[in-house]
Amino acid sequence: MTLTAHATTSPSPRPDTSGLHPDGLPRPGRTLVMGVVNVTPDSFSDGGLSFAADAAVAHGLALLEQGADIVDVGGESTRPGAARPTVEEELRRVLPVVRELSAAGAVVSVDTMRAEVAARAMEAGARLVNDVSGGLADPAMLPLMARAGLPYVLMHWRGHSAGMQANAVYDDVVTEVLDELRLRIDTALESGIRPDRLVVDPGLGFAKKPDHNWELLGRLGDVMALGHPVLVGASRKSFLGSLLADPVTGAPRPARLRDAATTAVSALAAAQGVWCLRVHDVASTADAVRVTARWGVETPPARTPLS
């Protein structure tokens, strides 16, 4: 494929989401697990851990062994306040990793806001583009994805990392996020992206204060009602750190100590039928979604009281 970027209590029953699944990706009959491979020196959670290409490839392969269905390779940190790399630097970071993991049989997603990076990554084997800007950062992205015909994740976004938290102002966060996602969905469809290739992400942590994230998680059903598969990325984010803050000092729980809380979110989101969970610690979430999928599959017969 040759692509060119052109500038222009008890849980309620889970909904039937069998039709909300983009073609060309795994269908294991449960919520998918997407493992994060950050090829960056400054990610909020694990910056520098897998910055070298060989380390990133090894990390991606380890995530597959731990149960990841998809590995998400990103070369730009989107933590609040992060500076953007040049397009050349982003390409240098991600392309060798995408190529090697794809050659090893992994289902690879590329996490990028740039159409040129998305195009080159798809040529290198990526089967999904995860765009945290929902096509707003690069006007060439939506036309590119329409031509490519591959699945595309469209996230709620209100600006680049350097200043996004200044935009975390809402009267009703759920209503406003849904309205803004609808506008982006309409634009994506008008650009020629097929409805069955479109995934939506409510953008937890992106121009959101802690309470905003909890409100969105509490109403995931409303996000799913948009009619597209839903990706949730809560892993290790600061709203979990705030919830788990030290009771004496008030210091947030460090990012790498938020995995148990992430797993709880994963289980609850999977119970609501979300399509995929993007996480750093794959093993715990893989276990959680398997337990959730098994829960309630067979209901034992009611026990009759002995007379």
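**Chatting through a sheet and a charged patch**

Student: Which residues form the negative surface patch?

Tutor: In this predicted model, the negative patch on the surface is made by Asp171, Asp172, Asp211 and Glu215.

Student: Where does Asp171 sit, and is it buried or exposed?

Tutor: Asp171 lies in the loop that runs between strand S5 (152-155) and helix H5 (173-190). Asp171 is exposed, and its relative accessible area is 83%.

Student: OK, new topic, the sheet. What order do the strands come in?

Tutor: The order is S6-S5-S4-S3-S2-S1-S8-S7, so eight strands make an open sheet with parallel pairing.

Student: Which strands stand at the edges?

Tutor: Those are strand S6 (198-201) and strand S7 (231-232). Each has a single partner strand, so one side of each has no neighbour in the sheet.

Student: And S1, how many of its residues are buried?

Tutor: Seven of the seven, counting residues 32-38, so S1 is largely enclosed by the rest of the structure.

Student: Which way do they point?

Tutor: Leu32, Met34, Val36 and Asn38 point one way from S1, while Val33, Gly35 and Val37 point the other way. That fits a general pattern: side chains in a regular strand alternate between the two faces of the sheet.

Student: What does S1 pair with?

Tutor: S1 pairs in the parallel sense with strand S8 (residues 276-279) over four bridges, and Gly35 stands opposite Val279 there. S1 also pairs in the parallel sense with strand S2 (residues 70-74), over five bridges. In S2, Ile70 is the bridge partner of Met34.

Methods:
Residues numbered from 1 in each chain as written. Predicted model: local features only at pLDDT ≥ 70, side-chain atom pairs only at ≥ 80, totals over all residues. Heavy atoms only, no water. Patch = residues over 30% accessible without salt bridge, like charges linked within 9 Å, V, L, I, M, F, W, Y side chains within 5 Å. Areas by Shrake-Rupley, 256 points an atom, 1.4 Å probe, with all protein chains shown as cover. Salt bridge = Lys/Arg side-chain N within 4 Å of Asp/Glu carboxyl O. Lys, Arg positive; Asp, Glu negative; His and termini not counted. Charge placed at Lys NZ, Arg CZ, Asp CG, Glu CD. Helix = DSSP H or I, 4+ residues; strand = E, 2+ residues; numbered from the N terminus. Buried < 20%, exposed > 50% of the residue type's maximum accessible area, 1.4 Å probe, protein only. Pairing = 2+ DSSP bridges.
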